[in-house]
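Student: Please take a close look at one unusual stretch of backbone in this model, and then work outwards from it to its surroundings in one connected account. I would like each step of reasoning to be spelled out.

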Amino acid sequence: MRKTFGRGFDSRRLHFLNKMKKSLKLKYFGLIFIILIGLGFSYAAKLRYSDHPDFTRVVIESGKILKFNISKTDEEFRIKIQPEAEVILETNKESSRLSFLGVNKGVDYTELIFKINNDYDIKTFTLNSPFRIVVDFSDKKGDSVKNNTSQNQTKTKKPKKEETRAMNNNTDNDNGLNSKKEIRTIVIDPGHGGTEYGAKGPSGTYEKDITLKIAKILKMYIENYIGLKVFLTRNSDMNLSLEERASIANNQKADIFISIHCNASKSRKAKGSETYILSLKATDKQARRLAFYENNFEEMKDDDKREADDIKLILWDMAQTEYLRDSANLAILIQKELNVLLGTKNRGIKQAPFRVLMNVAMPAVLVEAAFISNPSEEKMLNKEQYQKKIAYAIFLGIKRYLTQNR
Amino acid sequence: MDKKKRLIIFIVLIVLVLSILLFLIIGNKNNSKKQIKKKNIVPSDKSELVEYDFFYQSVNGDYLIPLKKKVEKFGDMKDQIKEVVIKLFEGANSKDNKYINLFSSKIRLNNIFIVNKEIAVVDINREIFTKLLGSSIDEILTIYSIVDTICFNFPYIKGVQIIVDGRQMETLAGHIDISRPLRMDARWIRPI
Ligand SMILES: [Zn+2]
């Protein structure tokens, strides 16, 4: 029988839908039109993972049967799914065995890339209603590497990284995702400015002033230590629209875009630094409810399947889409340095639909440097030493990214 | 002569300001009356209550946590969503101090429209700006408190678009794009 999780949808709600009014006011037709244009259809592949005492389970769920094959190197695990799908990451906890790096999109496939922390026994199988690919990463006990992948899977014979890359280049050359482009120009965007001062600290510090200071220091570090070209979207206290910021980066043909902000919260306990990348948020709600209640996915039956089949997604046709994987890599590296250097609580990398990141056609991240709303962090943010620390952490992250991309 | 003219202008100005104020107050009253009126027309059963999950900011950090609250049951989905959003804006009002209020009593729901049977357009008054801190996380949680509460409780709603006083906005505070409908994002939600 069907299980209801929390406020499940039931026949009562169906009843509401039938009664739904269809008349809409004329003056909202413009708006409706815009929304309709924004509607599109695509398949969703929902990705989630969970840690268990001796294995980590990765589940890719789709309303449609997917073909897939896997490949593995010492550090990476890749799973290529066909046809292409919009990957929605549903787990926000970190796994002790792996981390999801992002996707690589081809003409008719999507490749999900994971960083693996160890050499695990990998077991793959599929489940139906809804269709799921399940990959278990088990801690090695002996030497036996079992592998009973159901479909055209690649043997886990550990191809060298170069081989994997070459294989990808063959299939990918039309979207240029993997073509390593030399990094020459970086655009740094100090958040807010002018009359738009952003958040304000308890003793009156404006976000816009701190972001400009950190940006200038970061520019100096990059130019002096690695000799790359750096442009600031604003060099003084001035108003600048989000579109202008993105277009400055695009016009400079920048290879990296970094927007700098300071956070603020109504929660007095909030502190620490975070790195964000763009979220291409689109999902159906049943899955979300599941993620929330952390239920057993294998119990999903008829109704859930019907819902999964019914997924309609909004297509986010944004310039940033194809750089998201690189953005995630960069964000992870910057966040690591922020955690180490500042000794702040790890807030991890996060995703949200930041308008300034949407239209930049290059790897792009947004750094939230400390909480200006937190009195002690506000005090620190005003000190040049701390501004330098933050700038240096971001700088180190960028440097790591450069070596990784060489 | 000149003095007289000035006095007249001054009086006219005062009258204008007063009438505008009066208009605004009456307008607001009418609005809330409308909402109450609707309530009285549609309820299917007398004072039948339904329980929903509301997502409010946690005092412990920067995410949303659920709170179950009961609202009056409506036969019409749009009215039901409206009721849930009005309840959401009232704040957690919970005895345990686990929640932070993201909204204020002045924030009003102007209206809700359902587009294409799956997008809820939520029209909020401009008071929403006064409660925002101007930071990313505050903007994110304010938006997803609304989006997640609606999408979580009403499975047919696949996306929520927030507009302010009938106007489409780019962002509420300079970070998060709300020019298009947003999907539920449970990554901002933690179980209690
Ligand atoms: Zn900001």
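Tutor: Let us begin with A:P83, which is found in the loop between β4 (76–82) and β5 (86–89) of chain A. In this predicted model, the peptide bond that joins A:Q82 to A:P83 is cis, with omega at about -5°. Most peptide bonds are trans, and most residues other than glycine have a negative phi, so a reading of the backbone can reasonably go on to the places where phi is positive.

One such place is A:A370, a residue other than glycine whose phi is near 55°. A:A370 belongs to strand β15 of chain A, and its relative accessible area of 0% means that it counts as buried. A second place is in the other chain: B:N116 also is not a glycine and has a positive phi of about 55°. B:N116, however, lies in the loop between β4 (109–115) and β5 (119–124) of chain B, and because its relative accessibility is 44%, it is classed as partly exposed. A third is A:S129, with a positive phi of about 55°, in the turn of a hairpin formed by β8(A) and β9(A), which have three residues between them.

That hairpin leads into a set of paired strands. Strand β8 (residues 121–127) of chain A runs antiparallel to β9(A), and seven bridges join them; within this pairing, A:T124 has A:V135 of β9(A) as its bridge partner. Strand β9 (residues 131–138) of chain A also pairs with β2(A), in the antiparallel sense and over eight bridges, and here A:F131 of β9(A) is the partner of A:S62. β2(A) in turn pairs in the antiparallel sense with strand β1 (residues 44–51) of chain A over seven bridges, with A:Y49 opposite A:V58 in β2(A). β1(A) and β2(A) make up a hairpin too, with three residues between them. In a regular strand the side chains alternate between the two faces of the sheet. Of the eight residues of strand β2 (residues 55–62) of chain A, six are buried, and it is therefore largely enclosed by the rest of the structure.

Strand β15 of chain A, where A:A370 sits, also leads to a helix, since the elements that cover the buried residues of α4(A) include β15 (364–371), along with β10, β11 (229–232), β12 (256–263), α10 (375–381) and α11 (384–405) of chain A. The length of α4(A) can be checked by counting: the expected span is 1.5 Å times one less than the number of residues, so the 20 residues of α4(A) should span 28 Å, and its end C-alpha atoms are indeed 28 Å apart. An α-helix has 3.6 residues a turn, so residues three or four places apart point the same way. The buried residues of α4(A) include A:E207, A:I210, A:I214, A:I217, A:L218, A:Y221 and A:I222. After α4(A) comes A:G227, which has a positive phi near 60°.

A:E207 also takes us to the metal site. The zinc ion has protein donors from both chains, namely A:H192 (NE2), A:E207 (OE), A:H261 (ND1) and B:H175 (NE2), which lie 2.1 Å from it. Because A:H192 is in the loop between β10 (185–190) and α4 (207–226) of chain A while A:E207 is in helix α4 of chain A, this pair ties together parts that are 15 residues apart in sequence. Both A:H192 and A:E207 are buried. Around the zinc ion the four donor atoms subtend angles of 92 to 169°; a tetrahedral site would need all angles between 85 and 135 degrees, and the arrangement is therefore irregular.

The chains themselves give the wider setting. Chain A holds eleven helices and 15 strands, and 53% of its 406 residues count as buried. Chain B holds four helices and seven strands, in the order α-β-β-α-β-β-β-α-α-β-β from the N terminus, and 55% of its 192 residues count as buried. The accessible surface is about 18500 Å² for chain A, with 51% of it belonging to carbon and sulfur atoms, and about 8900 Å² for chain B, with 59% belonging to those elements.

Terms used
Residues are numbered from 1 along each chain as its sequence is written. Chains are lettered from A and ligands numbered from 1 in the order in which they are written. This is a predicted model: local features need pLDDT of at least 70, side-chain atom pairs count only at pLDDT 80 or more; totals for chains, interfaces and linings use all residues. Side-chain values use heavy atoms; hydrogens and water are left out. Helices (H or I, at least four residues) and strands (E, at least two) are DSSP runs, numbered from the N terminus. Buried means under 20% relative accessible area, exposed over 50%, partly exposed in between (1.4 Å probe, protein chains only). Accessible areas come from the Shrake-Rupley method with a 1.4 Å probe; for residues, only the protein chains shown count as cover. Donors are N, O and S atoms within 2.8 Å of the metal (3.2 Å for Na, K and Ca); water is not among the atoms, so sites may look incomplete. Four donors count as tetrahedral if all angles lie between 85 and 135 degrees; four count as square planar and six as octahedral if opposite donors are over 155 degrees apart and all others between 65 and 115; anything else is irregular. Two strands pair if DSSP finds at least two bridges between them. Contact means heavy atoms within 4.5 Å.
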